[in-house]
Amino acid sequence: MHTLISACLRGVPPEVEAIAREEALVPHRAARAVTRGRIVIPANPVRPHRLCAIGEGCRVRVNVNVGTSGARCDEDLEVEKAKAALREGADALMDLSTGGDLARIRRRILELDAPVGTVPVYEAVRRAGSAADVDADLLFKVIREHCRQGVDFLTLHCGVNRDALASLQADPRTMGVVSRGGAFHVAMMASTDEENPLYAEYDYLLEILAEHDVVVSLGDGMRPGALVDAGRLAKTTEYLTLGHLAKRALAAGVQRMIEGPGHLPADQIGYNVRMLKELTDGAPLYLLGPLVTDVAPGYDHVVGAIGGAIACMHGADFLCMVSPSEHLALPDLRDIVEGTRVAKIAAHVGSLSRAAAKTKNREIRMAEARRALDWDKQFEAALVPEEARRIHERDGEIETCSMCGDLCAVKMVRDILKAPQERMEP
């Protein structure tokens, strides 16, 4: 089968040439990183779009989730939210729709110029009527349909197996299972007393993914949903399983990334990220958060950005936007804009720890512009320029900012240090 991994084993394909230029990487080293599973490029061959490299040596990337729900189903709004996320700098989108015409909504999201991911089990549950009624045939049928339609990466909860369920029962958690996909697979196993088909028939799943050259995002269905659950057994059991599955995917020529690790105290993030990286031989790591406190509803986008920045310092590669409405409601347009902006800031902070030249050059440009009190250049260097400009200009046009005014430290010291040199000039 022709996959990106097989192409990289033969040379440097055009996709890798393109991302090497974008990320300032050496092309043949980037190709080798793809073959080793250290970089993934979600790019379903049936759908051309802007490329996005995720992983070793690349800038931290941001994904934004959109999608309808059974309680609130407005597909036009979801498309508008997806477009807004891309305008704000999102690198990828996920359609998590569970209400309305799911295939039509997905087609509309796939028309946008970005990598797109989905969670096929959501649609399988809607078709079956309940999670307990989903069988392997239906689940694999939906997965094939998503691949054929042009989806670039699929979140698949292959690690939610009977071992993980036994761990959950042996070491109960306050929040139980908070992953929707994880809960669906738990319900399937409980109703049939059989293994999760994505785990039991993993080799068949890999054949489908290799046929369509689609990236598998191995879902963290047993992630803790509260800080009090961070040290419980089910999460670690799933980690070990994901490590084995990641190696099998790579051996089958399938690009893969790993999801995790949920709600964690800040001091546990580094350990968890490093453990996932070690178990999966450096596979790209895709995170929602981590959320470092449970008591800030309405500000979980900030909580997730704190956790995400810490995680990226230890090796995480791909941040999923957390919106202000997390744990409260389906995000509206404003939530998507604000959440994407904050996630981009966290990704930028994470990229600074990865020696990304473009990221550090931006910091230098801002420092020089501030020294010169050049407001236009400051706005050019800003991650959210329109908001920076709006705040600065609300007190009128002045040389400094209205916080210090004529007592501006930068202007004062600059003028003092410049004065002796001016006196010496003829």
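The exercises below work through strands, salt bridges, nonpolar cores and cysteines in a predicted model.

Residues are numbered from 1 along each chain as its sequence is written, and side-chain values use heavy atoms, with hydrogens and water left out. Because the model is predicted, local features need pLDDT of at least 70 and side-chain atom pairs count only at pLDDT 80 or more, whereas totals for chains, interfaces and linings use all residues.

**Exercise 1. Determine which strands pair with S4, and which helices connect them.**

Step 1. Begin with the element itself: strand S4 covers residues 92-95, where strands (E, at least two residues) and helices (H or I, at least four residues) are DSSP runs numbered from the N terminus. Ala92 and Met94 point one way from S4 while Leu93 and Asp95 point the other way, and all are buried, buried being under 20% relative accessible area, exposed over 50% and partly exposed in between, with a 1.4 Å probe and protein chains only.

Step 2. Look for partners, given that two strands pair if DSSP finds at least two bridges between them. Strand S3 (residues 61-66) pairs with S4 in the parallel sense over four bridges, and Asn65 has Met94 as its bridge partner in S4. S4 also pairs with strand S5 (residues 116-118), in the parallel sense over three bridges, with Gly117 as the bridge partner of Met94 in S5.

Step 3. Trace the connections. The chain crosses from S4 through H5 to S5 in a right-handed β-α-β crossover, and S3, H4 and S4 likewise make a right-handed β-α-β unit; right-handed means that, with the strands pointing away from the viewer, the path from the first strand over the helix to the second runs clockwise.

**Exercise 2. Carry out the analysis for S8 (residues 256-259).**

Step 1. Arg256 and Ile258 point one way from S8 and Met257 and Glu259 the other, and all of these residues are buried.

Step 2. Strand S7 (residues 215-218) pairs with S8 in the parallel sense over three bridges, and Ser217 stands opposite Met257. Strand S9 (residues 285-288) runs parallel to S8 and is joined to it by two bridges, with Ile258 opposite Leu285.

Step 3. Helix H12 (residues 233-251) forms a right-handed β-α-β unit with S7 and S8, and helix H13 (residues 266-279) forms a right-handed β-α-β unit with S8 and S9.

**Exercise 3. Identify the parts of the chain that the salt bridges Glu75–Arg104 and Arg162–Asp193 tie together.**

Step 1. The structure holds 31 salt bridges, each being a side-chain nitrogen of Lys or Arg within 4 Å of a carboxyl oxygen of Asp or Glu.

Step 2. Glu75 and Arg104 meet through their side chains at 2.8 Å, N to O. Because Glu75 lies in helix H4 (residues 75-87) and Arg104 in helix H5 (residues 102-110), the pair ties together parts that are 29 residues apart in sequence. Glu75 is buried at 15% relative accessible area, whereas Arg104 is partly exposed at 38%.

Step 3. For Arg162 and Asp193, the closest N and O atoms are 3.1 Å apart. Arg162 lies in helix H8 (residues 162-170) and Asp193 in the loop between helix H9 (180-192) and helix H10 (197-200), so this pair ties together parts 31 residues apart in sequence. Arg162 is partly exposed, at 39% relative accessible area, while Asp193 is exposed, at 54%.

Step 4. Salt bridges also form a network, which links Glu22, Glu23, Arg59, Arg61, Asp91 and Lys344.

**Exercise 4. Describe the largest nonpolar core, and state how many disulfides a search of the whole structure finds.**

Step 1. A nonpolar core is a set of buried Ala, Val, Leu, Ile, Met, Phe, Trp, Tyr and Cys residues joined through side-chain atoms within 4.5 Å. The largest has 88 residues, and those with the most contacts inside it are Val64, Ile143, Leu156, Leu205, Leu209 and Leu218. Helix H7 supplies the largest share of this core, seven residues.

Step 2. Leu205 touches Phe140, Ile143, Leu156, Cys158 and Leu198, not counting residues up to four places away in sequence, contact meaning heavy atoms within 4.5 Å. A second, separate core of 16 residues includes Ile5, Ala33, Cys58 and Leu250.

Step 3. The search finds zero disulfides, a disulfide being a pair of cysteine sulfur atoms within 2.5 Å. Cys158 is in no disulfide, and its nearest cysteine sulfur, that of Cys147, is 12 Å away. Cys158 counts as buried at 0% relative accessibility, whereas Cys73 is partly exposed at 45%.
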